[in-house]
Amino acid sequence: MSSRIWLMLLTLVVASGCESKPSAPVLSDTPVYQNDQAGFRFRVPDGWLQTANSYLPEGELESERFVVRYQMRTPEQGANLEVLAFNDSPDLDLAEHHAGPSFRVNRWKQVADPEEVTVGEASGVRLVYTARVDGREMTKEVVAFRREGRVYAFVGLFSSTDDKARQQIRRAVESIVWRG
């Protein structure tokens, strides 16, 4: 082959290897989770492992977006803490939104009145639901904050009898520090 053909082939190989592909952020098991795009950080409960992480685009979101997820194995069933982000709107009913399908449940039963919470200087609402998942009574506890046109929902899922998981999730939420 001529050197010109080799040069063209080499150029094609190098160019094809340089395409930018989307990538997820690296998983991290640091004691503090920080998301500069969303403008918050919080203390991760001891023993919880980050199992997924994603980037948030700027501006309007096309749909509800997953931000980060942590899991812990417990004697009860295991527990999850995940953060979701979605667009806020004046007619958005947070209690109804979170009663909808998630975690293999079609409809969650709200078991407590919405509770106003303040973390730092940010006001939010705590919503508590239950449902049967794989034959076990599970609790889904959501603390949602409306911030700059978005809702950030901190969603805990745990066995309804697992007080330790509930306490750890609540401590993580209480440790949130918002930027600005």
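This is a short walk through a predicted model, stop by stop, with a suggestion of what to select at each one.

**The whole chain**

Start with a cartoon view of the protein chain, where you will find three helices and 11 strands. Following the sequence, the elements come in the pattern α-β-β-β-β-β-α-β-β-β-β-β-α-β. If you colour by burial, 43% of the 180 residues in the protein chain come up as buried. Now turn to contacts between residues at least 6 apart in sequence: 48% of these join residues at least 24 apart.

**Helix 3**

Next, select residues 163–174, which make up helix 3. Its 12 residues should span 16 Å at 1.5 Å a residue, and the C-alpha atoms at its ends are indeed 16 Å apart, so the two values agree. Show side chains for Ala 165, Gln 168, Ile 169, Ala 172 and Val 173, the buried residues of this helix. Look down the axis of helix 3 and these buried residues fall within an arc of 135°, so they line one face.

What sits on the face turned away from the buried side of helix 3? There you meet the exposed residues Lys 164, Arg 171 and Glu 174.

Keep the buried side chains of helix 3 on screen and bring in their packing partners: strand 2 (40–43), strand 4 (65–72), strand 5 (79–87), strand 7 (115–119), strand 9 (136–147) and strand 10 (150–159). Several of these strands are the next stops.

**Strand 10 and its two partners**

Select residues 150–159 for strand 10. How many residues of strand 10 are buried? The count is 10 of 10.

Add strand 5, which pairs with strand 10 in the antiparallel sense over nine bridges. A handy landmark here is Ala 79, which stands opposite Phe 158 in strand 10.

Then add strand 9, whose antiparallel pairing with strand 10 runs over 10 bridges. In this pairing, look for Phe 145 opposite Tyr 152 of strand 10. Strand 9 and strand 10 form a hairpin with two residues between them.

Zoom in on Glu 148, in the loop between strand 9 and strand 10. Most residues other than glycine have a negative phi. Glu 148 is not a glycine, yet its phi is positive, at about 50°. Glu 148 is also exposed, with a relative accessible area of 76%.

**Another hairpin, and one more positive phi**

Move on to strand 7 and strand 8 (residues 122–133), which run antiparallel and are joined by five bridges. Glu 115 stands opposite Arg 126 in strand 8. This hairpin has two residues between its strands, and Gly 120 takes a positive phi near 65°.

While you are checking backbone angles, select Phe 103, in the loop between helix 2 (94–99) and strand 6 (109–110). Phe 103 has a positive phi of about 50° although it is not a glycine.

**The three-stranded sheet**

Now select strands 1, 2 and 11, which form an open sheet in the order 1-2-11 with antiparallel pairing. Strand 1 (32–35) and strand 11 (177–178) stand at the edges with a single partner strand each, so one side of each has no neighbour in the sheet. Four bridges join strand 1 to strand 2. To find your place in that pairing, look for Asn 35 opposite Phe 40 in strand 2.

**The aromatic rings**

For the last stop, show all Phe, Tyr and Trp side chains; a search of the whole structure finds 13 aromatic pairs. With Tyr 33 centred, look across to Phe 40: the ring centres are 6.1 Å apart and the planes lie at 45°, so the pair is tilted. The rings of Tyr 33 and Phe 42 have centres 5.5 Å apart and planes at 45°, so this pair is tilted too. Tyr 33 and Phe 40 are buried, and Phe 42 is buried as well.

Widen the selection to Tyr 33, Phe 40, Phe 42, Tyr 70, Phe 145, Tyr 152, Phe 154 and Trp 178, which form one aromatic cluster. Phe 145 and Tyr 152 will be familiar from the pairing with strand 10.

Finally, select Lys 140 and Tyr 129: the charged end of Lys 140 sits over the ring of Tyr 129, 5.5 Å from its centre.

Technical notes: Residues numbered from 1 in each chain as written. Predicted model: local features only at pLDDT ≥ 70, side-chain atom pairs only at ≥ 80, totals over all residues. Heavy atoms only, no water. Expected span 1.5 Å × (residues − 1). Buried < 20%, exposed > 50% of the residue type's maximum accessible area, 1.4 Å probe, protein only. Arc of directions from axis to C-beta. Contact = heavy atoms within 4.5 Å. Pairing = 2+ DSSP bridges. Phe/Tyr/Trp six-rings, centres within 6.5 Å; stacked < 30°, edge-to-face > 60°. Lys NZ or Arg CZ within 6 Å of the ring centre and 35° of its normal.
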